[in-house]
Amino acid sequence: MSHFEGVMWRLDANPRMRSTMTAVEILDHAPDWQRLRAAHERLTASVPRFRQRVVEPLLGLGTPHWVDDPDFSLDYHLRRLRVPEPATPRQLLEQAQWIAMTPFDRARPPWEVTLIEGLADGRAAYVLKMHHALSDGHGMMQLLSQAHSRSPEPGPVKLRLRKPAAPLPSTATVLGQQLRAGLSRLPQQARTLAADVAQGLQRPGAAQEALRYAQSAARMLGRKPAPKSPLLAGRSLDWHFDALDFPLDAFKAASKRSGASLDAYIAGIAGGFRRYHEQLGQPIDKLSMVFPVSVRTAADGLGGNHFVGGQFDAPLDEPDPVACMKQVGAFVEHLREEPALDVLLRVMPVVGRLPTPLLGKMMSGVTAAQDVQATNVPGLRHPVYIAGARVTHFFGFGPLPGCAAMFAMLSHDQRCCIGINTDAAAVREPDRLVECMRLSFDEIIGTP
């Protein structure tokens with residue numbers, strides 16, 4: 001694992017900091033079970049990470065490590081259940097949120113798939129639950145593409161033969177391997193550092209660049225969020241899923257007016273919370289919000305986590321959606337120009353070595369000060385199928401690592417799908433919040 005992924009894995013020691021991502025796909029009909037199973041046989045054969053579990057080094061002195069699971073069983077990870085027919089969308093979301101809240105068995109690869117049958121009109125749902133340490137949202141879409149196809153017809157069967165997994169290494173063995181690997185890299189790292197320093201000293205403006213980075217790092221690490229909303233202060237272990245969707249073309253047209261889809265998306269969330277606070281008689285000026293900025297490159301492999309977080313105080317005192325979008329756009333443009341945009345990733349090797357109780361206390365203090373997190377993941381713009389069933393809607397639900405609400409937007413086919421995960425103690429009236437969000441996005445889409 002990277003140091004960042006290791007931190008997310010270890011934070012699960014605090015139940016309120018669990019990093020579970022959930023994808024809910026609505027299917028036009030129930031897929032053939034044997035074809036679905038075969039698709040996941042191919043998936044786990046082509047993406048080794050799905051057959052790997054995590055082993056932590058002795059005494060937590062190293063970084064959690066991926067190893068092949070000698071006891072891997074697809075039948076454990078691939079499940080099916082039938083709900084009383086005809087199940088409503090609300091009943092489906094309740095099933096999905098219960099699945100998401102159930103902790104992973106840390107002695108197995110941290111992912112599960114559940115096929116839910118019994119929805120109205122013969123439809124079904126494909127629910128994928130995976131730990132954030134395995135991948136971020138962009139990587140999840142890459143991984144899911146391995147189990148989906150552009151055609152309902154069966155494709156050629158290509159199974160990659162795998163060698164039996166080696167016996168599970170002990171925690172002491174993993175620690176020893178990491179220590180030896182670290183020591184073996186020290187000479188090369190020292191040479192690289194010396195060369196970089198020498199090159200930097202010879203390069204004109206190196207001192208100024210270093211100073212700009214230090215100043216930028218101070219801004220990034222010292223940025224304080226807006227005061228917490230009194231309406232969203234509660235925290236619990238209960239998650240509540242909701243979903244919104246609207247035509248993708250309408251959202252793209254609204255995005256063009258601001259120049260970027262993220263601007264319209266964040267402005268829509270801000271407008272929804274503005275209405276929610278006003279209706280409950282507690283209007284506020286700003287709302288603390290965090291959204292990820294992807295640093296993924298073409299050289300990065302499938303899955304994994306390649307993003308940094310941007311702290312933004314959403315203006316809830318701005319009723320004009322266009323003006324709000326412009327504020328979001330200006331902030332994002334400024335954020336991307338920060339030399340130390342990656343500073344949080346750079347400090348993770350130090351943070352990741354803190355004792356787990358101290359790490360959990362420190363990180364929960366940071367995220368608890370955030371009211372909302374929001375992510376925007378490019379989805380699939382074309383029809384896709386899984387085991388012959390067409391995916392009509394695709395909703396993503398991010399975790400609640402101490403914050404009050406998490407929004408995840410994915411574009412799928414011709415729909416724009418937003419998954420909303422709220423802490424039940426923070427959002428006491430979820431139906432009201434969803435309606436406020438609907439009104440806000442309708443206004444964004446209809447802005448002339």
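Helix α10 has 16 residues, and at 1.5 Å a residue they should span 22 Å; the C-alpha atoms at its two ends lie 23 Å apart, which agrees. Keep in mind as you look around that this is a predicted model. Below, we start with this helix, move on to the cavities, and finish with a residue in a strand.

**Helix α10**

- Several residues of α10 are buried: P321, C324, M325, V328, G329, F331, V332 and L335.
- These residues cover an arc of only 165° around the axis, so they sit on the same side of α10.
- Turn to the face of α10 that points away from the buried side, and you will find the exposed residues K326 and E333.
- At the start of α10, D320 places a side-chain oxygen within 3.1 Å of the backbone nitrogen of V322.

**The largest cavity**

- Searching the whole structure turns up two cavities of 30 Å³ or more.
- The largest cavity holds about 60 Å³ of space.
- Its lining includes D320, P321 and C324, and you have already met P321 and C324 among the buried residues of α10.
- Three helices each supply at least two residues of this lining: α9 (261-279), α10 (321-336) and α13 (430-446).
- Of the elements involved, α9 gives the most, with four residues.
- Among the other lining residues of the largest cavity are R274, R275, E318 and E443.
- Sorted by class, the lining of the largest cavity has five nonpolar, five charged and two polar residues.

**The second largest cavity**

- The second largest cavity has a volume of about 30 Å³.
- Around the second largest cavity you can find H40, L43, F50, W111, V113, Y126, L128, L143 and L144.
- Two helices, α2 (33-46) and α5 (137-145), and two strands, β5 (111-119) and β6 (124-131), each give two or more residues to the lining of the second largest cavity.
- Eight residues of this lining are nonpolar and one is polar, while none is charged; the lining of the largest cavity, by contrast, has five charged residues.

**L119 in strand β5**

- Strand β5, which helps line the second largest cavity, also contains L119.
- Is L119 buried or exposed? Its relative accessibility is 5%, and buried means under 20%, so L119 counts as buried.
- Along the sequence, L119 and T88 are 31 residues apart, yet in space their C-alpha atoms are 6.6 Å apart.

Definitions and conventions: Residues numbered from 1 in each chain as written. Predicted model: local features only at pLDDT ≥ 70, side-chain atom pairs only at ≥ 80, totals over all residues. Heavy atoms only, no water. 1 Å grid on protein atoms, 1.4 Å probe; cavity = no way out; pocket = protein on both sides within 12 Å on 5 of 7 lines; lining within 4 Å. Points joined across faces, edges and corners; volume = space filled by probe spheres on them. Nonpolar A, V, L, I, M, F, W, Y, C, P; charged D, E, K, R; others polar. Expected span 1.5 Å × (residues − 1). Buried < 20%, exposed > 50% of the residue type's maximum accessible area, 1.4 Å probe, protein only. Arc of directions from axis to C-beta. Polar contact = N/O pair within 3.5 Å; in protein donor to acceptor, adjacent residues only side chain to side chain.
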